[in-house]
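Please look through the sequence and the coordinates below before reading on. The paragraphs that follow go from a single strand outward to its surroundings, and from there to the other chain.

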Amino acid sequence: MKHFWALLFLLVPIFGVLTFVLAPYYNHSFPRDISENGRVIDQLFYFILYLTGVLFVATEGALFYFMWKYNGRTNREPVKYSHGSHTLEVVWTILPAVTLLFIAIYQMNAWADAKMRKPDIPVTAEITGRQFNWDVRYPGPDGILHTPDDIILVDGEIHFPAGEEILLSIKAADVLHSFFLPNIRMKQDVVPGMQQYMWFKCRESKAEVDIVCAELCGWGHYKMSGRATFEPRSEFNAWLAKKSAEQQAHRITQATP
Amino acid sequence: MSTITADSHAHAHGEHAHVGSFLSTYVFSRDHKVIGIQFLFSTLVWFFIGGLLALGVRWQLAYPWSDMPILGKLLFSAQGGQIAPETYTMLFTMHASVMIFLVIIPILAGAFGNFLIPLMIGADDMAFPTLNMLSYWFMWPAFAAFGASFFIGTGPMSGWTSYPPLSLTIEAQKFWLVGLTCVGVSSMMGSVNYLTTIIQMRAPGMTMFRLPMTIWAMFITAVLQAFALPVLTAAGFMQLADLTLGTGFFIPEGWSANNTLHAAGGGQPLLWQHLFWFYSHPAVYIMILPAMGMVSDIIACFARKPLFGYKPMVYSIAGIAGLGFIVWGHHMFVSGMSPVLGMTFMVATMFIALPSAIKVFNWLGTIWGAKIQFTTPMLFALSFVAMFIIGGLSGIFMAATPVDIFIHDTYFIVAHFHYVLFAGTAMGVFGAIYFWFPKMFGRMMNEEWGKVHFFLTFVFLNCVFYPMHILGWVGFPRRLADPYHYETFRHLLALNQFITWCAILMVASQIIFAINFFYSIFFGPVAGRNPWHSNTLEWQAPSPPGHGNFDFQPVIYRGPYEYGSPEVDIDYYPQTMPPPQNRPAAVPAH
């Protein structure tokens, strides 16, 4: 096996590409996308995946070919006494530079949509991360947050209306957390002392997905999970009314000993 | 600059000729070679500890809440051998802290920087030998502080990034921060020394553009450390003050945790992230550039051909260092930092991929038309290139801000930096150990077992780290003690078990290296001065070099990469070999 090592290195691009090609067939790829804008992020991911995939195969392939062809045991030609090539250096500086600049510019619109163009609508709910739960506060019938009719839930079950734009006000009560909805392709760290917003839209009429905390928040970080339920407006309103009534009843029992 | 007066040389030699006691020769030595080897041994011990910590993390991810065999009973007897969530958090925190601060940074700059810089530039020692000794001994308070932090409460458990306010609720963090500061002081002393030595103490004829890539990389790394470290040291003291003195640099107004209200406020948790990454992003390059330099030297040597594009290689290292200072924000795209700033950092980050690409193309250019000798160091160096391509390309995904929204804090990131730091730097370091071992100890390591070690490590590391890209693709988050209670990630258990078994086998393969290493120190075949037929200066000194390094005054005639030169009959052309007397006026074309 004169070319054992070259062949070993050839396995890198082969297995590298195979892994990414086969993984989706075993459900090992993006989780189901239920959002309106998530596909933009998925497409950008695939765009970079294909581009880097080509570069990966080309460079690893060249490495394999040179290891094969210029193996000292088999190559009888004298070495090419070369210190480099000015032209080549210019070419392989400018081409990647243009490509990288293109990738950067190509991302900007999606980034602005996800993080900068905050929709001008009332806040759907306020989410507060605390060790180790996601608390939610809905504005209640008056539509204004931090009034007595607010509905506050601390069981990690959060409902949202499906099919409409949702604006969340998010914050942290104690340490850093990160509100991550894998199926919506949205993530935002929450920082104590900072008030931030997050917006998205579910395109399915009914869905229940995981809420993940994606920033280390202490020993119980792993269990800081929640469930987000997306449902049609009517069902959502009914659920909200039920929760409001439960909360009201709870208050009355507390007030009358 | 590069000439030293004969007088100062005589003085220096006189000082080194003095034979001291055992203590001053091998323990409190001021000889750069002894200090380098001290760094090497200390960091290899921590490398072993850091590897075991990683296995603890892997065990929990493969078999959550089940008793860990052997080690579990020993370490976690309180929980009956089970890894508690606190312990899990401590394990990954300390795995990263140990590997970064006690292994990679000191093994590159401390071990190889110390050993190689004076030898490769033709100096008899460092510019400041006592400072050099202190730079090693300042690692010991760091070892002690990091070591002690394991036993304070549940240990440091806010990640290696120590983000406040979480870090301000953890007692052990004080020790952790003291350890961090001591590592910083040690690195600072080292970097000042390296800069002075490289600028002032080069042998006659050793111009800056005749320096080997290893020295250029060490030089630029030292510049990075000298400018970035003060920021981390200041930030570390600020966090220490928040923890102990009741200040509030990183505490927002009216903040409370663990039912205690902190009086001082008016600070900002994000401030720490900016200060921390202002150092720690350049530190990412501190952790790769020296390996790139050493790999360049090894590849040119075993390609038996000049390094392709020497000057572009130097400029690209300088470019990485320069751009390295303006990309720290890419760690903070979803941190709450202004998204407008995120766009700026995205463009800068995209551009830092450029010098890395140039380096890869030049390495490929170097082995084009070569006569490759597949020695153990060469295999490790070539695998550095192959693996760095993966680590470099996966970086583009997280530089792209919208994609980063999804993959941030997932295993995609874990895959990326392990491809750069383990598959890249650690493999480069293994190559460097096999390569310079004969110079350090005067004996060769066993080539056959070296290749077995390479083969197993190469195969298993890819089985461990490559599938992590796939985990990240599903959104599998980092740092979760039990990710499987999420419906989204439940089906990833099997893949994680595969990764864990490969990780166990990879760590086990390192036993081959350890045996080879220690056996060869005493029983390896005697190496001679230049076993690899290399051009660079250190190979002209005796193996191992005595005090004062060279038994002659080196004079440099050419650059370090004149392999296969038509001027001489042999296929290498040491930097110190005088040119032939009757040299033809022009080199004949071939």
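How many residues lie between β6(A) and β7(A) in the hairpin that they form, and which residue in the turn has a positive phi? In this model, which is a predicted one, four residues lie between β6(A) and β7(A), and the residue in question is A:Arg185, whose phi is about 60°. The two arms of the hairpin are β6(A), residues 177-181, and β7(A), residues 186-190, and they pair in the antiparallel sense over five bridges. Within this pairing A:Phe179 of the one strand stands opposite A:Gln188 in β7(A).

On its other pairing, β6(A) meets strand β9(A), residues 207-213, again in the antiparallel sense, but here over two bridges. A:Phe179 takes part in this pairing as well, since its bridge partner in β9(A) is A:Cys213, and A:Phe180 has A:Val212 as its bridge partner in β9(A).

How far is β6(A) covered by the rest of the model, and on which faces? The strand is mostly covered, with five of its five residues buried. Taken face by face, A:His177, A:Phe179 and A:Leu181 are on one side and A:Ser178 and A:Phe180 on the other, and both groups are buried.

The pairings described so far belong to an open sheet of five strands in chain A, which has the order β4-β10-β9-β6-β7 and mixed pairing. Its edge strands are β4(A), residues 157-161, and β7(A), each of which pairs on one side only. From one strand to the next, the twist in this sheet averages 25°.

Chain A has another open sheet of five strands, in the order β3-β2-β1-β5-β8, and there too the pairing is mixed. The edges of that sheet are β3(A), residues 151-153, and β8(A), residues 196-201, and each of these pairs on one side only. The twist from one strand to the next averages 25°. Inside the order just given, β1(A), residues 125-130, and β5(A), residues 165-172, run parallel and are joined by five bridges, with A:Thr128 standing opposite A:Lys171 in β5(A).

We turn now to chain B. Its secondary structure comes to 18 helices and two strands. The radius of gyration of chain B is 24 Å, close to the 25 Å that the globule rule gives for 590 residues, and therefore chain B is as compact as a globular protein of that length. Along the principal axes, the C-alpha trace of chain B spans about 85 × 50 × 45 Å. Of the 590 residues of this chain, 60% count as buried, and among the contacts in chain B with a separation of 6 or more, 79% are accounted for by residues 24 or more positions apart.

The last step is to ask how the chains meet. In total, 86 residues of chain B are in contact with 79 residues of chain A. Several helices of chain B each supply at least two residues of the side that touches chain A, including α5(B) (85-121), α10(B) (269-286), α14(B) (376-399) and α17(B) (447-474). The largest share of that side, 16 residues, comes from α13(B). Sorted by class, the side of chain B that touches chain A has 58 nonpolar, 19 polar and nine charged residues.

Notes. Residues are numbered from 1 along each chain as its sequence is written. Chains are lettered from A and ligands numbered from 1 in the order in which they are written. This is a predicted model: local features need pLDDT of at least 70, side-chain atom pairs count only at pLDDT 80 or more; totals for chains, interfaces and linings use all residues. A residue is buried if 20 or more other C-beta atoms lie within 10 Å of its own, exposed if 12 or fewer, and partly exposed in between; C-beta atoms are placed from the backbone. Two strands pair if DSSP finds at least two bridges between them. Two residues are in contact if their C-beta atoms, placed from the backbone, lie within 7 Å. Ala, Val, Leu, Ile, Met, Phe, Trp, Tyr, Cys and Pro count as nonpolar, Asp, Glu, Lys and Arg as charged, and the others, Gly among them, as polar. Axes are lines fitted to C-alpha atoms, for helices over the stretch in contact, and angles run from 0 to 180 degrees between N-to-C directions. The radius of gyration is taken over C-alpha atoms; the globule rule is 2.2 Å times the number of residues to the power 0.38.
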